[in-house]
Amino acid sequence: MNIDEEAEELASALGRDAEEIKAELEDLLAYSVPIEEAKQSIRRKYTDTGAAPPESKNIAAITMSDSSVNVTARVLTAGKRRIQYQGDEQVIIEGRLADETSDISYTAWEDFGFTAGDSITVGNAGVREWEDNPELNLNQSSSVMLEDDPVDVPYNIGGESDIVDLQPGNRGRIIAGRILEAQNRTIDGRDGETMIRSGVIGDESGRLPFTDWQARERIAEGRSVRFEDVYIREFRGVPQINLSEFTAVESLDRDVAVNDEPERMSIDDAITAGGAFDIEIVGNVLEIREGSGLIERCPECGRVLQNSECRAHGPVDGEDDMRVKAIVDDGTGAVTAILDRSLTSTLYGGSMEEAKSAARDAMDKAVVADTIRERVVGREYCLRGNISVDEYGASAEAKEFSPTEGTADERAAQLIEEVRAWVV
Ligand SMILES: [Zn+2]
């Protein structure tokens, strides 16, 4: 076999140009590389190293089997975030790109200078998998060129969103809403104790919890505000709005209207969703669980004490409290409802002092839980609060807990009474 034939055969196997392969083969032979070794080396070059240039693709055509692509697209969102990457702090830009065929998420590992709304051509964007979908990676071997002609896309450009539409994974979003709750909290963060500010924000579409990692005091209850560049993460099954050092907070001089009505959900739907924020469920109390009624908490950490001992702090002088853990079932599923002192006191029909005095008289703390048990088990209640799901099951942190207006039979009887009263 002569060198032309060898080159032609190799070129056709690799899908390359025969003249180009022949030149490379001759180069290697000139350095006295044996022919088989030379062919092997050329094969490796074109198959293993992905030396083939990236293909230009429509976004809809990008799959996880692409290693890198070129795309021309509109920047829908561009959110900035500081992350820890391999031990170093790094500022990244994340969001979504779109063309007329589809949209895709991206992470830029350096600032290429584009902002939301720009039309760009990205050269050699890496493709990796992120939550079962392809994602573009713009790194130091990528190039970004601004395009003069805007790329038309059937998507919302810029990231302005209604709160109800926010989903975990969203980046670079802009919302306007009214602060319904806000308080500072100290958490044990990566860099030791950190002050954060968290609360609830609402607009006409709904409400969600937020956390400001900068603890800005002007995010105060009752204020109408605009947050530019927030990112959404899941926390206890619920989307949470996160404000970073890159989030711009602007006070609005108009009042944003807020939809304050909780959505009525079945327990099964709330559990299937992995959790739900500020919803309403209606179900029967099946059981009042252990650890309800009069309890003692650790003064250090607030954990409930078992035999005057805290799981973290050992024997401590406990602080009295009241709570209820009730199993509520609506026919589709069940949750453990957690009621705080004030809701428990209402169910009990007396203050904590009255509960303590009843316990002293009976020489048994359990009488308080027993009284609650007699009153509520078997009855139907409407609960408003947050549902979260973890390895121990589903629980509902109740903000409101009130009996529904009797059973269906009682309602019918009441209606008949009313009609009779009119007739007579
Ligand atoms: Zn403790």
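The domain assignment splits the chain into domain 1 (3-47), domain 2 (55-146), domain 3 (164-251) and domain 4 (263-408). The model is predicted. This briefing covers the contact between domain 2 and domain 3, then the packing of helices H1 and H2.

**Domain 2 and domain 3**

- The C-alpha centres of domain 2 and domain 3 are 25 Å apart.
- Domain 2 puts 10 residues in contact with 9 residues of domain 3.
- On the side of domain 2 that touches domain 3, strand S3 (79-85) and strand S4 (88-98) each provide at least two residues.
- S3 gives the most to that side of domain 2, with 4 residues.
- By class, the side of domain 2 that touches domain 3 has 5 charged, 3 polar and 2 nonpolar residues.

**Helices H1 and H2**

- Helix H1 covers residues 3-14 and helix H2 covers residues 18-30.
- H1 and H2 pack at an angle of about 120°, and their axes lie 8 Å apart.
- That angle makes H1 oblique to H2, because angles outside the roughly parallel, antiparallel and perpendicular ranges count as oblique.
- The crossing of H1 and H2 is right-handed.

**Residues where H1 meets H2**

- H1 contributes Ile3, Asp4, Glu6, Ala7, Glu8, Leu10 and Ala11 to the contact.
- H2 meets them with Ala18, Ile21, Lys22, Leu25 and Glu26.
- The contact of H1 with H2 has 7 nonpolar and 5 charged residues, and no polar ones.

Conventions. Residues are numbered from 1 along each chain as its sequence is written. This is a predicted model: local features need pLDDT of at least 70, side-chain atom pairs count only at pLDDT 80 or more; totals for chains, interfaces and linings use all residues. Domain bounds come from an automatic or database domain assignment. Two residues are in contact if their C-beta atoms, placed from the backbone, lie within 7 Å. Ala, Val, Leu, Ile, Met, Phe, Trp, Tyr, Cys and Pro count as nonpolar, Asp, Glu, Lys and Arg as charged, and the others, Gly among them, as polar. Axes are lines fitted to C-alpha atoms, for helices over the stretch in contact, and angles run from 0 to 180 degrees between N-to-C directions. Angles under 35 degrees count as roughly parallel, over 145 as roughly antiparallel, 65 to 115 as roughly perpendicular and the rest as oblique. A crossing is left-handed if the near helix is turned anticlockwise from the far one by less than a right angle, and right-handed if clockwise.
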